[in-house]
Every structure is written in C-alpha cells, then in structure tokens.
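This report walks through one chain, from its enclosed spaces to its overall make-up. Please have the coordinates open while reading.

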Amino acid sequence: MTVIRYRWSSSISRMAEEIKAADLGSSATTSAKTRRFWPSILRWVPTSTHHIIDAEKRLLSLVKTRYVQELVNIGSGPPGSKVRWFRSSSNEPRSINTVTFESTQNSPTLVMVHGYGASQGFFFRNFDALASRFRVIAIDQLGWGGSSRPDFTCRSTEETEAWFIDSFEEWRKAKNLTNFILLGHSFGGYVAAKYAIKHPEHVQHLILVGPAGFTSESEAKSEWFTKFRATWKGAVMNHLWESNFTPQKIVRGLGPWGPDIVRKYTSARFGTHSTGEALTEEESRLLTDYVYHTLAAKASGELCLKYIFSFGAFARMPLLQSASEWKVPTTFIYGFQDWMSYTGAQEARKHMEVPCEIIRVPQGGHFVFIDNPTGFHSAVFYACRRFLSPDPDSQSLPEGLTSA
C-alpha cells in the first residue's frame, strides 16, 4: 500500500486529498485532467517500500554486474526474547533488503553496511569494481531503505544497539554466512564494530569507513562546541536533538517540496561541492529519486539517533572504550576531507591487541566511496590483501593513498 507522509497546513492537505482521490478514480482521463489542474509543486510524491525497491532498481541499472535482490526473513524478534524488534505492536516477521552480486567461484565474501540516512544503493559506484574480487552482499539495515520498518520504541542505548546488532545476526543466520569481511560506513561502521565485538567468530576482517562513534563529548573536549551549546542557538538545537527531530522529518514535513530539497542536496554535495569525482547528470537524477524515497518513508531506524549519540554526534557508548576488547583485524579508511576525524582511530589503535591500520584516501570526504571510487577500491583491495593475494606481505600501499 502506498504511504504518503506530510505535515502541512489544512488547506494544502485538502489539495493532496483531492489529488489522491483523483488518482484512485475509475476514469483515467478525468484523473489526468485533475492532475494537470494542480501545479506540480503542490503534488505530494507518494512513497512506500515498493517505491524504494523500484527506485533502487533504477539506480542499480547503472551497475553492469548481475545481482539478485531479496527480502531476507529474520523473524519477528531475537530468539528467546520477549520483545519484538523491539516492543513493536506487531508480531509480523521482518525482512532485510539484500542485494548479492555475481562473483567468481571461491571469492571472499564482503558484506557492506550503509550509514545513517543512507541505504545500500549509496554504494552504486563501487559494486562493479568490488564484485570483480569479492562476493559482494549489501544490505539495508532494519528500519532503513527497502527493509522492514517496525515501530521504533527502543528507550535506551543498549536496546537500540541490540535492534541493529541482533537483527544483523538473524540476517547472517538466514543467509548461512560463517566467515566474511564486514565493511561499514559512518553509523554503519559503528554497528559493524559493535557486531564484531559481540560476534568475532564470524568476521574475518573489519573495514570501517569514516566510522562514527569513537569518542564521547567529554573525550572530544571541544572548546568551540562547549561555547556553542551555551548559546541560545545551541540550546535550541540540543532540544531538537533530544526530541528526536531527524533530518528525515524535514523532508516529510515539506510535503510536495521534499523531492526538490533532496535534489538540491545531492546536486550540491555530490556535484557543485564534491571533493572528488562529481556525479553525472544521470547518476544525480537516479540517486536523488532513490534518496527521496528512502528518507520520506515511515520513520523507523532513523529514530536511533538520540539514543546512540548525544548532540554533536558524540557516542553515548564510545567505541574507544571497547578498543581493548577488539578481536578482529581492522582497517580504517578515511577521505582526506572527511569531517569524521581519524584521530579517534589512532587513539583506539593504541589499545588494540589485533592488527590495525588507518588508510587515508585523497579527493574524498565522508562519502569517499562516491567522491573517489577508484582510490576507495584501492584501499579496500589493499586492506584485504591477505584474502586476495598469494603473497600479501609483498603488497605495498597503492600510490596516492597514505597511512596514518
């Protein structure tokens, strides 16, 4: 069923209802005339899981490697638990949207996990290159993208982490995966790291791309941020954060103007203000369509924000505090212009008892895999050299990349 999300004035709402009624009318001609009557700027753009999957297919039409898309059933909650993903009013089974790309026989498995406000389609520029060396599997985390979007009723950091970690583990079981390389970007890096700490027996190597959540506010000790929080603007923003006001709510609240706002963002971030290789016109159009549908759909996983991070994106349960518990060899990858500082990774490395390296990629920001896909692929191949090369010790860091 199509879901339409908006929050606007009653007069505009009545317009939307009339448009919807026209769309559902039995006469196609009358419906078309009604749609023409209203300016396009006043039309709500419907969204649903089906719209997301369709937009995903259009975006992945840019990828040459064949793939299979599936909704992997993970049940209604963790085995033995009395809560259903978590405290949801519904006991219906949940599913994780998954794409698996063709690969050569015996290729190592690489599982890719997206960040906050994103979905697996954000890796569209990387699938072809990575699938040439790996069996690539990318997922939408529970509550994101084309995956199920249960009511999010977690009330603590522990419950919220379990929402993502346990649902990923149920997905792993359903896919019958035992050993794989796990790659996570930003918030997905946070989830991947927490998963690897809890289930190290399944992860051969951990790749964290611009990971969030390494430091707490007290550890960051930012004089500028402390002063900003003391201002009225800082107080307002902190209140909005603690009220769980997410960027997605803005997109929904803007109603018919939502798609244009998303278009302006993608055009600016990955075009005008790109730190590397700007999107082509077709890439921008397809990514914009995909991003809009993933953001405007029912709120679910996005509501994790205030439970995982305090205002300023500081982790409430920082990964740095768990560094000594690390049991999986790890590679950190950062773009030179990434706003996520690699100093947290450097500090964590001091406490790790497993191999750890930090690679920086030029001409790349927080979305380094979009900004500089070639450099990103080189970094991933180098990170996984012991799985890809018969003589990994002879491999040197690819030209252009730097080690921190």
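The second largest cavity holds about 30 Å³ of space. The model is a predicted one. Eight names make up the lining of this cavity: Glu161, Phe164, Ile165, Phe187, Tyr190, Val191, Lys194 and Ile308. Which helix gives the most to that lining? Helix α6 does, with four residues. Both α5 and α6 supply at least two residues each. By class, the lining of the second largest cavity splits into six nonpolar, no polar and two charged residues.

## Enclosed and open spaces

The count of cavities of 30 Å³ or more comes to two. The largest cavity has a volume of about 60 Å³. Its lining consists of Ile96, Val113, Ile139, Gln141, Leu142, Phe164, Ser167, Phe168 and Val191. Helix α5, residues 157-175, gives the most here, with three residues. The class split for the largest cavity is seven nonpolar, two polar and no charged. Phe164 and Val191 line the largest cavity, and Phe164 and Val191 also appear in the lining of the second largest cavity.

The largest pocket contains about 950 Å³ of space. How many residues line the largest pocket? There are 33, and those closest to the pocket centre are Tyr116, Gly117, Pro247, Gln248 and Tyr265. Four elements give two or more residues to this lining: α9 (232-242), α10 (247-253), α11 (258-272) and α12 (281-296). The pocket lining has 24 nonpolar, eight polar and one charged residues.

The three spaces are set out below.

| Space | Volume | Nonpolar residues | Polar residues | Charged residues |
|---|---|---|---|---|
| Largest pocket | about 950 Å³ | 24 nonpolar | eight polar | one charged |
| Largest cavity | about 60 Å³ | seven nonpolar | two polar | no charged |
| Second largest cavity | about 30 Å³ | six nonpolar | no polar | two charged |

## Around α5 and α6

Next come the loops beside these helices. Asn176 sits in the loop between α5 and β5, the strand at 180-185. Its phi is positive, about 55°, although Asn176 is not a glycine. Most residues other than glycine have a negative phi. Is Asn176 buried or exposed? Asn176 is exposed, because its relative accessible area is 64% and the cut-off for exposed is over 50%.

Ser186 belongs to the loop between β5 and α6. Ser186 also has a positive phi of about 55° and is not a glycine. Its relative accessibility is 10%, so Ser186 counts as buried. The cut-off for buried is under 20%.

His199 is located in the loop that runs between α6 (187-198) and β6 (203-209). With a relative accessibility of 12%, His199 counts as buried. Which residues does His199 contact, once neighbours within four places in sequence are left aside? They are Ile165 and Glu169. Glu169 is 30 residues away from His199 in sequence. In space, the C-alpha to C-alpha distance between His199 and Glu169 is 8.4 Å. Ile165, the other contact of His199, is one of the residues that line the second largest cavity.

## Cysteines

How many disulfides does a search of the whole structure find? The search finds zero. Cys304 is in no disulfide, because the nearest cysteine sulfur, that of Cys154, is 9.0 Å away and a disulfide needs a pair of sulfur atoms within 2.5 Å. Cys304 has a relative accessible area of 1%, so Cys304 is buried. Cys356 has a relative accessibility of 17% and counts as buried too.

## The chain as a whole

The chain has 404 residues, and 55% of them count as buried. Its secondary structure comes to 17 helices and eleven strands. What share of contacts between residues at least 6 apart in sequence join residues at least 24 apart? The share is 77%. The chain exposes about 18,300 Å². Carbon and sulfur atoms supply 52% of that area.

Note on methods: Residues numbered from 1 in each chain as written. Predicted model: local features only at pLDDT ≥ 70, side-chain atom pairs only at ≥ 80, totals over all residues. Heavy atoms only, no water. Buried < 20%, exposed > 50% of the residue type's maximum accessible area, 1.4 Å probe, protein only. Contact = heavy atoms within 4.5 Å. Areas by Shrake-Rupley, 256 points an atom, 1.4 Å probe, with all protein chains shown as cover. 1 Å grid on protein atoms, 1.4 Å probe; cavity = no way out; pocket = protein on both sides within 12 Å on 5 of 7 lines; lining within 4 Å. Points joined across faces, edges and corners; volume = space filled by probe spheres on them. Nonpolar A, V, L, I, M, F, W, Y, C, P; charged D, E, K, R; others polar.
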